[in-house]
Amino acid sequence: MKKNMKHINTILIANRGEIASRIIRTCKKMGITSVAIYADADQTAPFVKQADVAIHIGDSEPIQSYLDQQKIIAIAKEIGADAIHPGYGFLSENASFAKRCDDEGIIFIGPKSSAIESMGSKARAKEIIQSSGVPIVPGYNGSDQSNANLKTEANKIGFPVLLKATAGGGGKGMRIVFKEKDIEFAITSAKREAKSAFGNDELLVEKYIESGRHIEFQIFGDQHGNVIHLLERECSIQRRYQKVIEESPSPIMTEHLRGTMGSAAVAAAKALEYDNAGTVEFIYDEKTGEFYFLEVNTRLQVEHPVTEEITGLDLVQMQIESAQGIPLQLNQDEVKADGYAIEARLYAEDAANNFAPVTGTVHTFEFPRVEGIRVESAIESGSKISVHYDPMIAKIIAKGPDRHTAQAKLKYFFQHLICQGTTTNLSFLQRLLEVEDFKNGIYNTHFIEEKIDLSTIDNITKNQRYEAAIATTIYDWSLREKNRKVLRAIPSGWRNNFYEYQTEKYVIDNEKTEIKYRYVGDSFSFFVEDKEFKVIILETDLTHIRISIDGIQKKYTISKADKNCFIHSSFLGNVKVIQEDRFPKKEKEKVNGGYESPIPSQVVKVHIAPGDKVKEGDPLIVISSMKMENVLVANENGVVEDVYVEEGHNVEAGFLLVKVNEQ
Ligand code: ADP
């Protein structure tokens with residue numbers, strides 16, 4: 001057992017984004033000096049400005065910066081940091097880094113390296129945890145990794161099975177296999193994805209729990225052998241096996257179940273002689289009421305604020321105290337839940353395109369202050385979402401005396417959140433909060449695919465489209481007005497021809513929208529698709545307008561980039577208005593039977609060659625983006641006419657990969 005009992009004066013934060021900001025906040029509260037390190041892309045990031053000292057570490061590529069162990073340790077020594085907080089991701093679960101810190105006399109704020117190491121492999125974790133009497137998912141976690149053996153084991157377990165990368169995380173390398181005939185292909189592609197993401201292609205095979213709920217327990221240990229749990233978090237609302245909504249308490253939790261699962265979590269932690277913060281994840285089978293151990297995350301979780309909100313504890317402070325050798329300040333009986341907390345993760349991603357990550361600049365990021373809403377944000381207005389890092393923009397945590405109030409606050413917050421410039425999952429989150437089953441806590445890990453129609457997520461109503469077109473026109477008009485140097489006395493709508501309407505053309509929500517307007521003394525007359533509106537300007541500045549449309553007054557927040565106008569008001573949401581070119585480019589022609597890359601990606605496997613016959617559902621090409629694989633399958637039976645890429649090619653979004661002629 002490590003016994004530091006050493007006071008921490010300065011912490012280097014080996015991380016970035018919202019979690020770096022979160023750690024800095026607790027450092028300030030505890031009178032500890034915070035040192036941020038930052039890569040090129042983060043030069044002006046909020047966390048860099050918040051830290052007491054910020055030191056440039058290198059290139060934007062993580063390997064040159066937030067993953068560069070040697071540089072991080074050198075900086076810590078030079079600045080005299082006595083501890084390193086790794087946050088989550090990056091080096092947080094790297095046992096050799098934790099060990100290296102120890103060897104250098106720097107406190108690693110996390111559990112001891114042996115616990116990190118043994119939990120680093122899902123296969124070994126299952127072995128150890130099973131021996132402590134905690135139920136594990138039935139499956140194979142042995143060393144014979146031949147395809148034939150994995151197939152035999154899958155048959156023994158019975159379909160459906162789940163393949164997982166033993167070194168995995170973030171849902172990478174996972175495949176559900178429903179039928180024996182698909183196992184061979186799934187093993188090959190899961191191994192390949194695991195190899196590219198983790199440098200290790202070992203898999204484990206598990207029984208797939210079809211109506212599973214992800215319920216995890218926050219555990220906490222000190223260096224004196226005390227371990228407690230800080231209640232559960234339910235994280236079943238997931239896409240691509242990754243969480244988007246987390247809440248505590250779990251809607252299905254009973255005192256009895258909490259007692260059993262909590263004891264299992266503590267038993268698992270004790271088996272590891274666990275110190276510091278950790279999370280024991282379980283999958284709960286709705287059909288049988290059984291629960292099984294999934295894995296231990298040996299770090300602070302993204303969703304830790306949910307636990308903080310209902311317990312009133314500061315987990316980062318507890319981590320720092322535990323790392324100093326201070327015993328836990330509370331026992332199990334003293335841990336009590338007060339109210340409900342729900343966290344939603346705001347991502348720069350395109351829900352309608354299989355939640356593909358997107359990059360870009362967030363021109364405006366503003367949100368209302370709502371009592372009981374906590375925002376953990378990585379960005380501010382003007383921040384860029386870079387291709388190098390996770391595209392999470394912020395976490396919003398709502399706390400209420402009951403689940404309904406927490407949901408209502410979250411909904412209210414989202415209505416007023418202004419996030420302009422890049423595609424986000426905001427309307428997806430808003431839609432999710434409206435689903436009756438979610439409101440009632442009835443969900444499992446399939447909720448998103450089963451209950452939400454992603455293709456209509458960003459749709460707006462006709463009236464909202466008209467409203468966006470009118471507000472954009474008024475905004476532009478008032479800008480022109482302000483900039484007009486000549487003919488000051490005549491409003492610009494009048495200049496060409498007094499009697500004629502001006503015309504503007506937009507594309508909003510993929511719909512062409514043409515509007516006509518003219519200035520009529522104290523107001524504007526608008527025609528949008530033959531519907532007439534009377535519009536009065538009340539206030540304007542460079543980023544806002546307040547107008548009345550047929551007597552309804554609203555304030556709009558607007559930012560512009562090139563031909564794109566981003567506009568927000570409550571009840572309208574964040575809408576992008578594209579101003580049409582006067583001479584529009586010819587639309588790219590779609591090729592019949594053509595298969596395009598949906599996102600920028602690398603071709604990892606080409607399954608077909610010109611002349612091959614393919615059946616509907618056959619895999620054609622496997623592409624990989626951000627180390628996640630996507631399989632393009634044939635939409636119909638046919639013959640491959642041509643293949644335009646080879647394995648290893650990098651392609652842009654929309655690149656034509658294969659052409660198949662229907663048969
Ligand atoms: P990762 O480390 O990649 O996050 P996990 O083992 O934590 O992988 O699993 C991620 C998610 O995958 C879980 O939250 C759950 O939704 C799903 N999952 C994992 N194992 C199973 C299983 N055996 N049956 C059903 N779903 C599972």
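In which loop is N510 found? N510 sits in the loop between β24 and β25 (511-519), where helices (H or I, at least four residues) and strands (E, at least two) are DSSP runs, numbered from the N terminus. Although N510 is not a glycine, it has a positive phi of about 65°. The model is a predicted one, so to speak of local features takes a pLDDT of at least 70, side-chain atom pairs count only at pLDDT 80 or more, and totals for chains, interfaces and linings use all residues. Residues are numbered from 1 along each chain as its sequence is written, and side-chain values use heavy atoms, with hydrogens and water left out.

Now for the ligand. It is surrounded by 20 residues, counting a residue if one of its heavy atoms lies within 4 Å. K122, G171, H214, Q238 and E295 are the closest. Sorted by class, this shell holds eight nonpolar, six polar and six charged residues; here Ala, Val, Leu, Ile, Met, Phe, Trp, Tyr, Cys and Pro count as nonpolar, Asp, Glu, Lys and Arg as charged, and the others, Gly among them, as polar. β7 (161-165), β9 (203-207), β13 (276-285) and β14 (291-297) each chip in at least two shell residues. Because domain 2 (138-207) and domain 3 (213-454) both give residues to the shell, the ligand lies between them; the domain bounds come from an automatic or database assignment.

What about polar contacts, meaning pairs of N or O atoms within 3.5 Å? An N or O atom in the side chain of H214 is 2.6 Å from an oxygen atom of the ligand. For G171, a backbone N or O atom lies 2.7 Å from a ligand oxygen, and for E281 a side-chain N or O atom is 2.9 Å from one. The protein covers 95% of the 550 Å² of accessible area that the ligand has on its own, by the Shrake-Rupley method with a 1.4 Å probe.

Two proline peptide bonds also deserve a look. The bond from F159 to P160 is cis, with omega near 0°, and P160 is placed in the loop between α7 (147-157) and β7. The bond from S248 to P249 is cis too, with omega near -5°; P249 belongs to the loop between β12 (242-248) and α9 (255-271).

Notes. Polar contact = N/O pair within 3.5 Å; in protein donor to acceptor, adjacent residues only side chain to side chain.
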